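Biologist: Could you take me through the strand pairing and the surface charge of this protein?

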Amino acid sequence: MLLIGSHVGMNGKEMLLGSVKEAISYGANTFMVYTGAPQNTRRKDTSELNIPAARELMKEHGMANFIVHAPYIINLANTVKPETFELAVEFLEKEISRTAAMGAEVLVLHPGSHVGAGVEAGIAQIVHGLNEVLTADTPVKIALETMAGKGSEIGRSFEELRAIYDGCAHPDKLRVCMDTCHVNDAGYDIVHNYEDVMEQFDTIIGLDQIAAFHINDSKNELGAHKDRHENFGKGYLGTDALMQVIRDTRFEDIPKILETPYLKDADDSKKSYPPYKEEIAAIRELMG
């Protein structure tokens, strides 16, 4: 069964219940959510997230799972500022607990940026941070996101992600979230060499390690290292390449999440609206 959804909000009084309602309004059967604003550490207690009502509504609509995305402020790769690393470790621990309390099994995490210290030092610091957080009993899988490679980002290559696996004391708690825009911008040609890219990933990490896809087109050419998402089928990847991923029966049970840009309102240039209902409908039609 196709598992397709998008990023949704979580705010106001309804919190997670509102997230589920938003996903349903788009015709989605899965979704991704932040536990709070991705730019800060302010979070409500899980008792205020309306979790039981949200889970009940999910059950009513046959929605079995969803994904949580960790905030951008978590940078496990930072060796330059100890306080940044300490905050990352402390907050990641809390995000794991919140993810589990919400009933999600996957927490997507940007591996981090080495901020000038070098890839090797950054990977070692990520491993150090994960080893402080993960135990044999951790109830959530950390899905390391494939990155576009802008600036000092780590995770621009499958080998960099493999190195994190290799250093981690509990690699069974790790997974990968493959972002189609990011892999394109990192230089992996899924337009012309999809099977070769997947074979490469399988050899280095293993296709069974993919826990989620971010289905995004790209505003940039192959290898641009810029990370600018484009709406479905409107960028350098195009509909056919994205549908290759979505149709791939090897990933039939893997959630596929849209993070495409909001569209400008034709009647009011100051307003914009999410494209997810239309994009999900188009994908379902293409699936036949």
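The questions below concern a predicted model, and they begin with its strands.

Biologist: In what order do the strands of the closed barrel run?

Modeller: The barrel is closed and has eight strands, with parallel pairing. Neighbouring strands in this sheet are turned against each other by 30° on average, direction ignored. The order is S1-S2-S3-S4-S5-S6-S7-S10.

Biologist: Which strand pairs with S1 over three bridges, apart from S2?

Modeller: Strand S1, residues 4-7, is joined to strand S2, residues 30-33, by three bridges, and the two run parallel. On another side of the pairing, S1 also has three bridges in the parallel sense to a strand of residues 256-258. That strand is S10.

Biologist: Which residue of S10 stands opposite serine 6?

Modeller: Two residues of the chain are placed against S2: glycine 5 is opposite threonine 30, and histidine 7 is opposite methionine 32. Serine 6 is instead matched with a residue in S10. That residue is leucine 258.

Biologist: Which helix supplies the largest share of the negative surface patch?

Modeller: The patch consists of Glu83, Glu86, Glu93 and Glu132. Glutamate 83 lies in helix H3. Three residues of the patch come from one helix, spanning residues 82-102. The helix with the largest share is H3.

Biologist: Which patch member lies outside the range 82-102 of that helix?

Modeller: Helix H3 covers residues 82-102 and gives three residues to the patch. The patch members are Glu83, Glu86, Glu93 and Glu132. The member outside that range is Glu132.

Terms used. Residues are numbered from 1 along each chain as its sequence is written. This is a predicted model: local features need pLDDT of at least 70, side-chain atom pairs count only at pLDDT 80 or more; totals for chains, interfaces and linings use all residues. Side-chain values use heavy atoms; hydrogens and water are left out. Patches are made of residues with over 30% relative accessible area and no salt bridge: like charges are joined within 9 Å, nonpolar side chains (Val, Leu, Ile, Met, Phe, Trp, Tyr) within 5 Å. Accessible areas come from the Shrake-Rupley method with a 1.4 Å probe; for residues, only the protein chains shown count as cover. A salt bridge is a side-chain nitrogen of Lys or Arg within 4 Å of a carboxyl oxygen of Asp or Glu. Lys and Arg count as positive and Asp and Glu as negative; His and the chain ends are not counted. The place of a charge is taken as NZ of Lys, CZ of Arg, CG of Asp or CD of Glu. Helices (H or I, at least four residues) and strands (E, at least two) are DSSP runs, numbered from the N terminus. Two strands pair if DSSP finds at least two bridges between them. Axes are lines fitted to C-alpha atoms, for helices over the stretch in contact, and angles run from 0 to 180 degrees between N-to-C directions.
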